[in-house]
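Student: Could you take me through a close look at a single part of this model, the place where the two chains meet? I'd like one connected walk-through rather than a list.

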2 protein chains.
Amino acid sequence: MTCYNLALIGFGGVSRAFLELLEKRNDELLEQFGFRLRVVAITDLRLGSIVAEEGVDVPDVLAADPGNGGFRRLGGSTDARNKWIIHHVPADIVVEATFTNPLDGEPALSHCRWALRSGKHLVTTNKGPVALAAAELKALAAQQGVAFEFEGAVMSGTPVIRLAERMFGGLEIQGFEGILNGTSNFVLGRMESGLDLGAAVREARSLGYAEADPTADLEGHDVRLKVAVLANELLGGALAPDDVATTGITALTPADTAKAAEQGLRWKLVGSARRTPGGGISAQVAPRALPLNHHLAGVSGAANAVSFDTDLLGPVTVSGPGAGRVETAYALLSDVIAIHESRTR
Amino acid sequence: MTCYNLALIGFGGVSRAFLELLEKRNDELLEQFGFRLRVVAITDLRLGSIVAEEGVDVPDVLAADPGNGGFRRLGGSTDARNKWIIHHVPADIVVEATFTNPLDGEPALSHCRWALRSGKHLVTTNKGPVALAAAELKALAAQQGVAFEFEGAVMSGTPVIRLAERMFGGLEIQGFEGILNGTSNFVLGRMESGLDLGAAVREARSLGYAEADPTADLEGHDVRLKVAVLANELLGGALAPDDVATTGITALTPADTAKAAEQGLRWKLVGSARRTPGGGISAQVAPRALPLNHHLAGVSGAANAVSFDTDLLGPVTVSGPGAGRVETAYALLSDVIAIHESRTR
């Protein structure tokens, strides 16, 4: 039996859901794949750090709270000793789920570098490091002989990156277009029903679909990072986020949505990229008024979708959740399974 | 370098597209996967049989026609010597793409049995043998140590069976619902525009979406076979097609579609299956009036889709072509690639 030791960097909603998932599924993972997972360290900005070589006590760490002493009360320390833990804890896999500054990818990017440099496999749900530094991190992983998986960077656990990689052998993906941000998609749907942008955003916020500051969602910055990730992974590009021409939805008015409806069209914020005849890649994020029979027009609410344009099958579209604690935790689990499979083949 | 010798059983549109695809992609397959494919035998009811151990002459066999002597003129024989060829030609992989009687799966089912019994890998696009005898054929393949792949049995080359098998490790598929027949979906769409069933069927026929006798499409018999295949593959069932309660769309009238539209609904012919609390599987094919924001409501024209209901991600939907020569030929290629990968891991 193989047992992988995990270090969780960041212990927010996704990491907690991941830990709960492991508790529930460990026997099934053993039966289905022949491995067990054991969390030997956790760090978190609010809770501190804990190391337990025999595995953390799951109910204890889930109950830890800044108000009750965090991990310190469990024998850990008050500070999130990310660098030390990533380097020195004998983990096989570092699970990076902190946060990311879209400009420089930090602090997640440093966590990724430390993990790979210290010879540990790395899985992350953070699109920042992937959008900004995938090539560097992949080279580092290859050099160290470890794996770097990041299915959760786009559309949470809905298989997109690995699907394109594994399900389309023998054909060519010529481009893609996607609805990659649930907040803006929800807001556009509500504007179709007559709300103005402000009212639609307030509703999204009250339902938990939008953050306090929804700028990154509405201005297309979030989608831009995902387009860069997909263009590089699916089309073999080397794009930086700045290479993706980006327009958000904040200029759209109820009059625009009403006019589109009259013409049998529906506004969607579409992130897309395509191979150009010269061998390059053109990538953009922009609102587009799609005909109702377009394969992305029916993607409603907070759902996400990517349509791959393939030479032999035409468009093939996958839609599913674009966010969510459990859904993103599953992305981490699918990454760990992928690492196991790549090691045992 | 690995070279797989193929015997093509049936040389209709799909097999021809497959042969053309191999010609075009052989160098890329070698580069990407490290193998080459060589067609060493073809049999066809109209053209006869040809065997060429060094590989058939592709332009010659593509130009063969019953009017110009078929394969006999190329040194072959006038009769389709399926049984002899499957048993005695030194092929590694038998590519079965003949036709299938939905009642007993013949003649395709016999071809499948012969191929596996003679120790050859088998790929097929025929849903009949898979719907009627997958368990028997899989047991035979396991006993002989060969592979049996049939991605093309459902939704042509759109990854569905293999996607569910490979992309959802660690979660549970609790059920699925799908639009699995392009003809009936096209007809329903045209009925929404006000045509009656007869006129919609005539239009489908004139566009090549419907066969001369569209009964199997309109009465749900085609979908029933696909539901049985998916229920068995995705949910671990042991259903026969007769276990799938089936109602087609022929009782629907323009008044029904108009009334649905008034209520914000849209009729779709949905094939579905679901685990029942007792550990069984309930499966059916029936027209359903779906709300417009349902993940299958936007699947229009001749497109197909399957929505997997998963415990961790909720519904994940894949849509793409459900038929087509090149699209189904790609299913065969993806099966061959899967065989290669399973042998070289």
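Tutor: Here is the walk, starting at the contact between the chains and moving outward from there.

Keep in mind that this is a predicted model. Start with how the copies sit relative to one another. A turn of 180 degrees with a shift of 0.0 Å along the axis lays chain B on chain A, and the RMSD is 0.0 Å. The two copies are thus related as by a two-fold rotation axis. The same surface serves both of them, since 100% of the contact residues of chain B recur in chain A.

Now for the contact itself. On the chain B side 35 residues take part, and they touch 35 residues of chain A. Putting the two chains together buries about 2900 Å², and carbon and sulfur atoms give 62% of that area.

What about charges and polar groups across the interface? The rule finds two salt bridges between chain B and chain A. One to click on pairs Arg25(A) with Asp311(B), where the closest N and O atoms are 2.5 Å apart. There are also ten residue pairs in polar contact across the interface, counting pairs with both residues at pLDDT 80 or more.

Which elements of chain B supply the touching side? Helix H1 (13–33), helix H6 (161–167), strand E12 (314–321) and helix H12 (325–344) of chain B each bring at least two residues to it. E12(B) gives the most, with seven residues. By residue class, the side of chain B that touches chain A splits into 18 nonpolar, ten polar and seven charged.

E12 deserves a zoom. Strand E12 (residues 314–321) of chain A pairs with E12(B) in the antiparallel sense, over three bridges. To find the register on screen, pick Thr317(A): its bridge partner in E12(B) is Ser319(B).

Zoom out from that pair and you find an open sheet of twelve strands with mixed pairing. Reading across, the order is E8(A)-E10(A)-E9(A)-E7(A)-E11(A)-E12(A)-E12(B)-E11(B)-E7(B)-E9(B)-E10(B)-E8(B). At the edges stand strand E8 (245–246) of chain A and strand E8 (245–246) of chain B; each has a single partner strand, so one side of each is left without a neighbour in the sheet. Within the chain A part of this sheet, strand E9 (residues 265–275) runs antiparallel to strand E10 (residues 281–291), and eleven bridges join them. A handy marker there is Arg274(A), whose bridge partner in E10(A) is Ser282(A).

For context, here is another sheet, this one within chain B. Its six strands form an open sheet in the order E3-E2-E1-E4-E5-E6, again with mixed pairing. Strand E3 (48–51) and strand E6 (148–149) of chain B are the edge strands, each pairing on one side only. Further in, strand E1 (residues 2–9) and strand E4 (residues 93–96) of chain B run parallel and are joined by four bridges. One of the residues to check is Ile9(B), which has Glu96(B) as its bridge partner in E4(B).

Over in chain A, strand E2 (residues 35–44) and strand E3 (residues 48–51) run antiparallel with four bridges between them. The link from E2(A) to E3(A) is a hairpin through three residues, and Ala41(A) stands opposite Val51(A) in E3(A).

If you want to see how charges pair up beyond the interface, a search of the whole structure finds 34 salt bridges over all chains. Among them is Arg113(A) with Glu136(A), whose closest N and O atoms are 2.6 Å apart. Arg113(A) lies in helix H4 (residues 108–117) of chain A and Glu136(A) in helix H5 (residues 127–144) of chain A, so this pair ties together parts that are 23 residues apart in sequence.

Finally, some backbone details to look up. The peptide bond from Glu106(A) to Pro107(A) is cis, with omega near 0 degrees, and Pro107(A) sits in the loop between strand E4 (93–96) and H4 of chain A. In chain B, the bond from Glu106(B) to Pro107(B) is cis as well, with omega near 0 degrees; Pro107(B) is in the loop between E4 and helix H4 (108–117) of chain B. Ser156(A) has a positive phi of about 45 degrees although it is not a glycine, and you'll find this residue in the loop between strand E6 (148–149) and helix H6 (161–167) of chain A.

Note on methods
Residues numbered from 1 in each chain as written. Chains lettered and ligands numbered in written order. Predicted model: local features only at pLDDT ≥ 70, side-chain atom pairs only at ≥ 80, totals over all residues. Heavy atoms only, no water. Least-squares fit on C-alpha atoms with pLDDT ≥ 70 in both. Contact = heavy atoms within 4.5 Å. Buried area = accessible area lost by both parts, 1.4 Å probe. Salt bridge = Lys/Arg side-chain N within 4 Å of Asp/Glu carboxyl O. Polar contact = N/O pair within 3.5 Å; in protein donor to acceptor, adjacent residues only side chain to side chain. Nonpolar A, V, L, I, M, F, W, Y, C, P; charged D, E, K, R; others polar. Pairing = 2+ DSSP bridges.
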